[in-house]
Amino acid sequence: MTAVAESGTQTEPFTHEKRGRWLERWEPDNPRFWESGGKRTARKNLAFSVFAENLGFSVWVIWGTVVTSMGAAGFPFLAGLGQGNPVAVSNALLLTSTPTLVGAALRIPYTFAIPRFGGRAFTAFSAAMLLIPTLGLAFFVNQPGTPMWVFMVLAALAGVGGGNFSSSMANISFFFPEGKKGAALGINAAGGNLGVAQTQLVLPLLITLGTHLTAKDPAGYRFGITLSVLIWVPFILVATFGALRYMDSITTARSDGRSYKLALTNRHTWVMSFLYIGTFGSFIGFSFAFPTLIKANFPDLAKIGWITTLGNLAFLGALVGSFSRPFGGWISDKVGGARMTVAVFGGMAVAVGLIMAALELKSFPLYLISFLLLFVLTGIGNGSTYRMIPSIFSAEATRRAEANGMDAVEAAASARRQAGAAIGVIGAVGASGGYLLQQALRLSNINFGTMAPAFWAYAAAFLVMAGVTWWFYLRSSFAVSRAPSLAYAKV
């Protein structure tokens with residue numbers, strides 16, 4: 001690279017090891033270093049990271065849409081899904097929840113992979129891994145006798161796309177200075193979340209196109225599914241090549257084992273994990289399940305015609321949830337992350353009540369509006385909870401430094417490291433909430449013949465989460481207030 005960076009009075013070029021693109025020096029908090037080449041390098045890595053993560057989410061959520069057409073494609077275990085067949089609904093939710101669980105489990109090892117292998121190499125590897133579930137599904141969906149367990153394995157393999165979030169976020173966090181990390185990570189996260197919406201929009205269109213090009217019979221649906229899956233392969237190849245050719249790794253990006261141990265023993269890591277189950281777990285869980293829920297609850301939509309090519313409008317949920325996430329962080333800067341989170345959980349409980357009313361009235365417009373409200377609130381909640389994490393650890397560090405006479409600068413640095421470690425854990429636990437949500441829907445449908453008990457349980461859980469947020473972060477014993485830092489110890 002030709003960019004230069006200044007440190008003190010000397011100007012030094014960025015250097016790399018002979019093998020791979022390794023940055024020997026990386027000082028983003030040095031203004032001269034940042035302006036003389038660091039900013040351009042960081043933004044370049046962010047752009048390719050967003051692209052790869054977006055594809056990861058796209059592949060992760062493929063099964064949420066594909067299952068709605070597999071019954072028509074000739075697979076008996078999903079036949080009758082559009083008529084509310086409880087067995088087909090249960091099998092569909094099992095297939096959509098499996099990648100959610102695997103993606104959540106992979107988030108922790110993917111976080112540790114960046115310091116071990118470097119951002120460049122692991123981004124390329126994680127992007128290339130997306131070829132396995134896509135090519136596998138394209139092959140086996142054209143074998144009408146393929147048993148369900150094979151598709152379960154393929155659904156599990158699609159979970160690698162969910163793990164990409166943690167490696168991507170961990171990698172980008174090393175590239176930007178403290179004052180710019182929030183915006184960079186917000187862009188990175190929103191770019192990934194948008195992959196859910198684009199998949200739910202594009203896949204039904206391509207499946208419909210496939211049936212129009214051939215015939216509206218099982219073979220036509222199989223062709224449409226194949227077309228909708230293979231469309232991602234060229235983009236995956238571009239992402240893999242782009243990461244290898246243009247991204248960098250940072251030699252100083254090393255994991256801090258002590259910070260992870262401290263984060264794991266800090267009660268706030270687990271409190272925030274619980275709250276993130278309610279926000280991100282609901283976002284990703286309902287994103288996977290929404291196409292199935294629409295088809296099962298409103299089968300007459302299939303008679304409307306081209307409205308079904310928009311995935312029964314299911315893509316709108318993930319779309320509004322993705323766009324509302326940055327707003328959640330922004331408004332939390334104004335009113336406080338904890339206050340915003342309490343309001344979000346209260347609103348989510350109301351939205352669930354409206355969804356149940358829509359089902360009673362058999363009103364699809366009210367059902368769609370209520371679900372969109374729920375998705376908007378999950379996005380805002382994702383932003384507000386993520387905004388709370390550094391504030392909480394900073395407040396704890398300040399209080400501990402004052403009580404024990406510790407150096408304030410050292411305490412603040414320790415808080416940032418612990419917050420970074422906690423985010424990896426919280427992200428993994430939160431994503432697992434998507435699996436729990438879908439399993440609750442599936443079990444409720446099997447045991448009660450309706451999903452109503454699961455929905456009412458969600459409403460109750462959201463109210464409990466609002467109470468937990470108030471108890472830990474809005475009482476006088478520990479407040480995350482509206483100050484610029486959003487962090488105050490007990491007054």
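In the predicted model, the largest cavity is lined by Ser49, Ala52, Glu53, Thr123, Ser126, Asn164, Ser167, Ser168 and Asn171. Two or more of these lining residues are given by each of helix H1 (31-60), helix H4 (119-128) and helix H7 (160-175). Helix H7 supplies the largest share of the lining, with four residues. By residue class, the lining comprises seven polar residues, one nonpolar residue and one charged residue. The space enclosed by the largest cavity amounts to about 60 Å³.

In total, two cavities of 30 Å³ or more are present in the structure. The second largest cavity holds about 30 Å³ of space. Its lining is formed by Ile114, Gly118, Gly119, Asn171, Phe174, Asp248, Ser249, Ile250 and Ala253. Asn171 thus appears in the linings of both cavities. At least two lining residues of the second largest cavity come from H7, and at least two come from strand E4 (249-250). Four nonpolar residues, four polar residues and one charged residue make up this lining.

Aspartate 248, one of the residues lining the second largest cavity, also takes part in a salt bridge with lysine 44, with an N to O distance of 3.0 Å. This pair links distant parts of the chain, as aspartate 248 is placed in the loop between helix H10 (233-246) and E4, whereas lysine 44 belongs to helix H1, 204 residues apart. The two partners also differ in accessibility: aspartate 248 is buried, because its relative accessible area is 0%, while lysine 44, at 22%, counts as partly exposed.

The search of the whole structure identified three salt bridges. Another of these joins the side chains of glutamate 35 and lysine 39, with an N to O distance of 3.2 Å. Both residues lie in helix H1; because they are four residues apart, about one helical turn separates them. Glutamate 35 is exposed, with a relative accessible area of 53%, and lysine 39 is partly exposed, with a value of 24%. A further salt bridge connects arginine 25 with glutamate 27, also with an N to O distance of 3.2 Å. Arginine 25 counts as buried at 17% relative accessibility, whereas glutamate 27 is partly exposed at 27%.

On the surface, Ile132, Trp149, Val153 and Leu157 make a nonpolar patch of about 380 Å². Helix H6 (residues 148-157) gives the most to this patch, contributing three residues. Tryptophan 149 is located in helix H6 and is exposed, with a relative accessible area of 58%. Leucine 157 is likewise found in helix H6; at 31% relative accessibility, leucine 157 counts as partly exposed. The C-alpha atoms of tryptophan 149 and leucine 95 are 9.6 Å apart in space, although the two residues are 54 positions apart in sequence.

With regard to backbone geometry, lysine 362 has a phi angle near 55°, a positive value in a residue other than glycine. Lysine 362 occupies the loop between helix H14 (337-361) and helix H15 (364-404). The residue is classed as exposed because its relative accessible area is 70%.

Key. Residues are numbered from 1 along each chain as its sequence is written. This is a predicted model: local features need pLDDT of at least 70, side-chain atom pairs count only at pLDDT 80 or more; totals for chains, interfaces and linings use all residues. Side-chain values use heavy atoms; hydrogens and water are left out. On a 1 Å grid over the protein atoms alone, a cavity is a set of points where a 1.4 Å probe fits but cannot get out, and a pocket is an open set with protein on both sides within 12 Å along at least five of seven lines; lining residues have an atom within 4 Å of a point. Grid points are joined across faces, edges and corners, and a volume is the space filled by probe spheres set on the points. Ala, Val, Leu, Ile, Met, Phe, Trp, Tyr, Cys and Pro count as nonpolar, Asp, Glu, Lys and Arg as charged, and the others, Gly among them, as polar. Patches are made of residues with over 30% relative accessible area and no salt bridge: like charges are joined within 9 Å, nonpolar side chains (Val, Leu, Ile, Met, Phe, Trp, Tyr) within 5 Å. Accessible areas come from the Shrake-Rupley method with a 1.4 Å probe; for residues, only the protein chains shown count as cover. A salt bridge is a side-chain nitrogen of Lys or Arg within 4 Å of a carboxyl oxygen of Asp or Glu. Buried means under 20% relative accessible area, exposed over 50%, partly exposed in between (1.4 Å probe, protein chains only).
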